[in-house]
Amino acid sequence: MTEAHLYRRFPALKASLPRLPLGTGPSPVRELTHLPTASGSVWLKDDGAYGDGGWGGNKVRKLEWLLADILRRDRRTVITVGGLGTNWGLATARYCREHGVNTALALVDQPMDDHVRDQLQRLRDSGARLYFTHTKARTVATVPWLLARHRRACFIPPGGSNAIGALGYVETAFELAEQIREGALPKPGSVVVPVGSGGTAAGLSLGLGLAGLSDVTVTAVVVNDTLRLDRRTLDRMARRTATLLTDRGAALPDVQPAPLVVTRDWLGPGYGHPTPAALAALALAREGENLALEPVYTGKAMAALLDLDEGGRSSRDAPVLFLNTNGPR
Ligand SMILES: Cc1ncc(COP(=O)(O)O)c(C=O)c1O
């Protein structure tokens with residue numbers, strides 16, 4: 001297992017910020033040549049292929065840091081929240097169980113379809129304690145009750161998007177920079193990612209800045225209207241992550257994070273509501289590129305990418321990189 005890029009770059013972090021490797025990087029990159037884009041090339045970095053044990057996607061990247069921190073603090077139960085089809089909750093439950101930690105999930109209603117139904121069954125099978133709190137207000141009110149009810153418990157926000165979880169995508173940005181240096185892909189002008197809770201986009205923005213790629217734009221496609229996910233919020237998350245690194249002894253260079261362009265144009269009626277554009281993008285990715293996306297996050301991000309490109313709104317000639325955050329299960 002190779003050492004984390006963050007440890008190589010900031011050796012002081014080795015002792016102060018533990019990481020529990022759950023996957024083997026780098027995740028693969030390839031050009032997507034069959035998408036109907038009007039101009040410019042499109043590349044894929046496939047984090048669906050990151051993660052050992054049949055799991056992949058962006059949750060694995062975050063849990064490498066979050067779970068290590070949970071174990072370091074000797075917590076016995078993780079309390080977290082998500083929608084009825086939460087990928088985050090399922091990944092947390094499975095990885096925590098493997099490491100002897102219990103999970104309690106407060107679940108908010110979301111539109112029901114076959115995908116959500118299957119996810120809910122997987123959640124029931126995962127060993128997590130499920131609490132159906134239905135609304136956001138009831139979920140927020142339930143968390144302190146759950147914390148009081150479980151011994152040695154800790155709360156992790158939705159999607160694992162706090163400063164520690166975002167480290168997963170600081171690390172990924174360094175990994176990407178190395179792949180570019182080695183010639184595995186050309187330097188992109190922008191990286192397109194979905195935003196469900198923000199940790200992926202915020203971590204990437206900081207990481208790209210630290211890895212010498214602060215001129216690469218992060219196109220952050222908001223797919224969730226139940227959380228505040230504007231640019232200020234994501235910038236703040238990136239700053240908090242930088243502060244965490246500094247507090248733990250990393251001598252950060254004085255660089256800007258990569259710019260975040262936040263768009264809500266592909267959200268449709270709301271979180272979990274499929275849009276025709278997302279369903280069309282999903283089919284194109286599957287048929288043309290053998291790439292499995294899903295309608296809630298990555299389908300909407302791919303729809304954004306296709307549209308940005310077609311409309312010539314991607315301002316540079318450099319390739320666009322699609323970061324696939326969807327993992328197999
Ligand atoms: C497949 C997938 N992609 C993207 C995201 C969003 O990432 P983030 O929560 O870091 O914004 C999630 C979960 O929230 C997800 O399950």
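In which sense do strand β2 and strand β10 pair, and over how many bridges? In this predicted model, the two strands run parallel and are joined by five bridges. Strand β2 covers residues 42-46, and strand β10 covers residues 320-324. One bridge can be placed by residue: W43 has L321 of β10 as its partner.

Both strands belong to an open sheet of six strands. The order across this sheet is β1-β2-β10-β7-β8-β9. Its pairing is mixed. The edges are formed by β1 (29-32) and β9. Each has a single partner strand, so one side of each is left without a neighbour in the sheet. On average, neighbouring strands of the six-stranded sheet are turned by 25 degrees against each other, direction ignored. Helix α7, residues 163-181, packs on this sheet. The helix touches β1, β2 and β10. Its direction makes about 130 degrees with that of β2.

The model also contains an open sheet of four strands. Here the order is β5-β4-β3-β6, and the pairing is parallel. Strands β5 (129-134) and β6 (153-155) are the edge strands, each paired on one side only. Neighbouring strands of the four-stranded sheet are turned by 25 degrees against each other on average, direction ignored. Within the sheet, strand β3 (residues 77-83) pairs with strand β4 (residues 102-108) over seven bridges. That pairing is in the parallel sense. T80 has L105 in β4 as its bridge partner. Helix α4, residues 87-98, packs on the sheet and touches both β3 and β4. The direction of α4 makes about 160 degrees with that of β3.

Attention now turns to the ligand. There are 15 residues around the ligand. Those that come nearest are K59, K62, S197, T200 and T325. Polar side-chain atoms also face ligand oxygen atoms. For N58, a polar side-chain atom lies 3.0 Å from an oxygen atom of the ligand. For K59, the corresponding separation is 3.1 Å. In the case of K62, an N or O atom of the side chain is 2.6 Å from a ligand oxygen atom. On its own, the ligand has 390 Å² of accessible area, and the protein covers 97% of that area.

Two further residues were examined one by one. N326 is placed in the segment after β10. Its relative accessibility is 12%, so N326 counts as buried, the cut-off for that class being under 20%. A polar atom of the N326 side chain lies 3.1 Å from the backbone oxygen of A292. Leaving aside residues up to four places away in sequence, N326 touches G48, G57, A292, L293, E294 and T298.

V255 sits in the loop between α9 (231-247) and β9 (260-263). With 39% relative accessibility, V255 counts as partly exposed, because that value falls between the limits of 20% and 50%. Not counting residues up to four places away in sequence, V255 touches G209 and L210. G212 is 43 residues from V255 along the chain, and the C-alpha atoms of the two are separated by 8.5 Å.

Terms used
Residues numbered from 1 in each chain as written. Predicted model: local features only at pLDDT ≥ 70, side-chain atom pairs only at ≥ 80, totals over all residues. Heavy atoms only, no water. Buried < 20%, exposed > 50% of the residue type's maximum accessible area, 1.4 Å probe, protein only. Contact = heavy atoms within 4.5 Å. Pairing = 2+ DSSP bridges. Axes fitted to C-alpha atoms, helices over the stretch in contact; angles between N-to-C directions. Near = heavy atom within 4 Å. Polar contact = N/O pair within 3.5 Å; in protein donor to acceptor, adjacent residues only side chain to side chain. Areas by Shrake-Rupley, 256 points an atom, 1.4 Å probe, with all protein chains shown as cover.
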